[in-house]
Amino acid sequence: MPNIEVITFSVNNISSLVDFQYCQNISELYLRKNNIQNLMEICYLKGLHRLRVLWLSENPCCGTDHHKYRMTVLRNLPQLQKLDNQAVTEEELTLALEDGDEMAALPGKDSMESTINLSRMESGMSEPSIEMESDLLSFRMEETNKIREELGMKLLGRDKFSSSVALKEINTRNSTRRRTSNVLSAVLMLLKELDADGLQIVHRTAEHKLQMLHRKETEQER
């Protein structure tokens, strides 16, 4: 996922950009016709210094004042070369410093994984199969390349695109890291409260756990 350069999730009922902050190599992000309500969500994209193309139109956060919306996005993401279907000019970047709002705070939102899962529950959908993932990826690639062709940009190959499976992998990894960190913190806090007998029990249990893990790793290597 960190090497993905193009992500296309148009028409997916996405409501937050929080998970995209981990895609440090992304250069193009297509998210039109989703459910992003708050324009402050673009704060999550500020650290994506390679991002050059952003398609955010037809989301609730765009509002009715197109000029204000565009100026605010460009003030916060001045590295963009194209916003929606329109090239960014130097004049716009200068004007954005006056007409755009500076977004400094990140909103507290649930992760995109929760949003997508909720959408599936509401629509009665199950987890996508490998065949469905392949079809979705082909559709996104075709849609994105059609947009790029209209904008006079070079078409991209399949290896440049992400899939929801890849997005799910990064969400799973991040969730696992957070859970492991929380468990470790809790264990270290409990150790302070134990007496000698309790520490001996923990020591024996930890040794047994390490032996089991070592045995499992040895069996997998055979």
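Select Asp101 and Lys68 to begin: their side chains form a salt bridge in which the closest N and O atoms are 3.1 Å apart, a salt bridge being a side-chain nitrogen of Lys or Arg within 4 Å of a carboxyl oxygen of Asp or Glu. Because Asp101 lies in the loop between H2 and helix H3 (112-123) while Lys68 belongs to helix H1, the pair ties together parts that are 33 residues apart in sequence. Helices (H or I, at least four residues) and strands (E, at least two) are DSSP runs, numbered from the N terminus. Asp101 counts as partly exposed at 36% relative accessibility, and Lys68 counts as partly exposed at 30%; buried means under 20% relative accessible area, exposed over 50%, and partly exposed in between, with a 1.4 Å probe and protein chains only.

The model on screen is predicted, so local features need pLDDT of at least 70 and side-chain atom pairs count only at pLDDT 80 or more, whereas totals for chains, interfaces and linings use all residues. Residues are numbered from 1 along each chain as its sequence is written, and side-chain values use heavy atoms, with hydrogens and water left out.

Next, select Arg70 and Glu92, which form a salt bridge with the closest N and O atoms 2.6 Å apart. This pair links distant parts of the chain, with Arg70 in helix H1 and Glu92 in helix H2, 22 residues apart. Arg70 counts as buried at 4% relative accessibility, and Glu92 is buried as well, with a relative accessible area of 13%.

Now show both helices in full: the axes of H1 (residues 66-76) and H2 (residues 90-99) come within 8 Å and cross at roughly 100°. That crossing makes H1 roughly perpendicular to H2. Here axes are lines fitted to C-alpha atoms, for helices over the stretch in contact, and angles run from 0 to 180 degrees between N-to-C directions; angles under 35 degrees count as roughly parallel, over 145 as roughly antiparallel, 65 to 115 as roughly perpendicular and the rest as oblique. To display the contact (heavy atoms within 4.5 Å), select His67, Lys68, Arg70, Met71, Leu74 and Arg75 of H1 together with Glu92, Leu93, Leu95, Ala96, Leu97 and Asp99 of H2.

Move on to Glu58 and Arg32, whose side chains meet in a salt bridge at 3.8 Å, N to O. Glu58 sits in the loop between strand E3 (53-55) and H1, and Arg32 in the loop between strand E2 (28-30) and E3, so that the pair links distant parts of the chain, 26 residues apart. Glu58 counts as partly exposed at 47% relative accessibility, whereas Arg32, at 17%, counts as buried. Add Lys33 to the selection, and a network of salt bridges linking Arg32, Lys33 and Glu58 is in view. A search of the whole structure finds six salt bridges.

The same kind of search finds one aromatic pair. Select Phe9 and Phe20, which form this tilted pair, 6.4 Å centre to centre with 45° between the planes. Rings of Phe, Tyr and Trp (its six-membered ring) pair if their centres lie within 6.5 Å, and planes under 30 degrees apart count as stacked, over 60 as edge-to-face and the rest as tilted. Both Phe9 and Phe20 are buried.

Finish at Cys43, in the loop between E2 and E3, which counts as buried at 8% relative accessibility.
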